Amino acid sequence: MNIIDHIEKYIGPIQEGWKDRDSNLNIQIVRCNDELEENLNHFLSLGLSDSILSISPRKKVRQEFLFSVRSFDNDSLICYFLMLVCEAVIARKKAVLRGEYIRLPAEVAMDMGFDALYCSIPMLQEDGFSSFDKVDPPVIMVWLIPIYKSEVEFVELNGWGMFEDVLQENQPDLFSISRSKLF
């Protein structure tokens, strides 16, 4: 089994993919349709895991990103910001951690309607999806959740554990670009 098989086992068949021809990195963004929910699409990085990233001086991992969205028509914008995130992570050579957030460039934030991407484990996917252990170090799947500026501020003030508690309590539609702000 390779990473593509892993993705397709848990998410569904890859429908299409995009690559930045101007980039020297071997990264693509692929889209899978959700098999249970018609208007839900999953966008994943593919190739980011070729880079080994540091969690600490002694611990290394590989990562791929998952961004899921319901009823959004601008695939190219999603691919653009996912490529930006991949390039930034490779440049810093550090893995993103659970509870970290990644601010989006102002023009992307304006077009998308949210300000940052919150990094979490893929809680809404089947067990087994969150890591791919057939390579060393393993590939960790990171769910990128769109969040607003007020939610970024909440994470900064209260920590990621409390933010995830609020998500659990309120059950917002994390796949909706137009969901209401939590704060």
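**Exercise 1. Tyrosine 80**

In which helix is the place of tyrosine 80? Describe its exposure and its surroundings.

*Solution.* The model is predicted.

Step 1. Tyrosine 80 sits in helix α2, which covers residues 75-92.

Step 2. Its relative accessibility is 40%, so tyrosine 80 counts as partly exposed. The class applies between the cut-offs of 20% and 50%.

Step 3. Leaving out residues up to four places away in sequence, tyrosine 80 touches Glu107 and Val108.

Step 4. Compare sequence and space for tyrosine 80 and tryptophan 18: they are 62 residues apart in sequence, and their C-alpha atoms are 9.6 Å apart.

**Exercise 2. Helix α1**

Which residues of helix α1 are buried, and what do they pack against? Examine also both ends of the helix.

*Solution.*

Step 1. Helix α1 spans residues 3-10, and its buried residues are Ile3, His6, Ile7 and Tyr10.

Step 2. Viewed down the axis of α1, these buried residues fall within an arc of 95°, so they line one face of the helix.

Step 3. The packing partners of the buried residues are four strands: β2 (28-33), β3 (40-46), β8 (131-132) and β9 (139-147).

Step 4. At the N-terminal end, asparagine 2 acts as a cap of α1, with a side-chain oxygen 3.0 Å from the backbone nitrogen of isoleucine 4.

Step 5. After α1 comes glycine 12, which has a positive phi near 125°.

**Exercise 3. Two strand residues**

Is isoleucine 14 buried, partly exposed or exposed? Is histidine 42 buried or exposed? List the contacts of each residue.

*Solution.*

Step 1. Isoleucine 14 belongs to strand β1, residues 14-19. With a relative accessible area of 25%, isoleucine 14 is partly exposed.

Step 2. Beyond residues up to four places away in sequence, isoleucine 14 touches Ile4, Glu8, Val30, Arg31 and Cys32. One of these, arginine 31, is 17 residues away in sequence, with 5.8 Å between the two C-alpha atoms.

Step 3. Histidine 42 lies in strand β3. Its relative accessibility is 1%, and therefore histidine 42 counts as buried; the cut-off for this class is under 20%.

Step 4. With neighbours within four places in sequence set aside, the contacts of histidine 42 include Ile11, Val30, Leu66, Phe67 and Gln125. Asp34 is also in contact with histidine 42, and a polar contact of 2.7 Å joins the side chains of histidine 42 and aspartate 34.

**Exercise 4. Helix α5**

Which residues of helix α5 are buried, and which exposed residues does the face turned away from them carry?

*Solution.*

Step 1. In α5, residues 160-170, the buried residues are Phe163, Glu164, Val166 and Leu167.

Step 2. They cover an arc of only 155° around the axis, so they are on the same side of α5.

Step 3. The face turned away from the buried side carries the exposed residues Gln168 and Glu169.

Step 4. The buried residues of α5 pack against β7 (116-120), β9 and α4 (149-158).

Step 5. Glutamine 171 follows α5 and has a positive phi, near 50°.

**Exercise 5. The cavity**

How many cavities of 30 Å³ or more does the structure hold? Identify the lining of the largest cavity.

*Solution.*

Step 1. The structure holds 1 cavity of 30 Å³ or more. The largest cavity contains about 30 Å³ of space.

Step 2. Its lining consists of Phe114, Pro146, Ile147, Tyr148, Ser176, Ile177 and Arg179.

Step 3. Sorted by class, the lining of the largest cavity has 5 nonpolar, 1 polar and 1 charged residues.

Technical notes: Residues are numbered from 1 along each chain as its sequence is written. This is a predicted model: local features need pLDDT of at least 70, side-chain atom pairs count only at pLDDT 80 or more; totals for chains, interfaces and linings use all residues. Side-chain values use heavy atoms; hydrogens and water are left out. On a 1 Å grid over the protein atoms alone, a cavity is a set of points where a 1.4 Å probe fits but cannot get out, and a pocket is an open set with protein on both sides within 12 Å along at least five of seven lines; lining residues have an atom within 4 Å of a point. Grid points are joined across faces, edges and corners, and a volume is the space filled by probe spheres set on the points. Ala, Val, Leu, Ile, Met, Phe, Trp, Tyr, Cys and Pro count as nonpolar, Asp, Glu, Lys and Arg as charged, and the others, Gly among them, as polar. Helices (H or I, at least four residues) and strands (E, at least two) are DSSP runs, numbered from the N terminus. Buried means under 20% relative accessible area, exposed over 50%, partly exposed in between (1.4 Å probe, protein chains only). Contact means heavy atoms within 4.5 Å. The arc is that of the directions from the helix axis to the C-beta atoms. A polar contact is a pair of N or O atoms within 3.5 Å; within protein, one must be able to donate a hydrogen and the other to accept it, and residues adjacent in sequence count only if both atoms are side-chain atoms.
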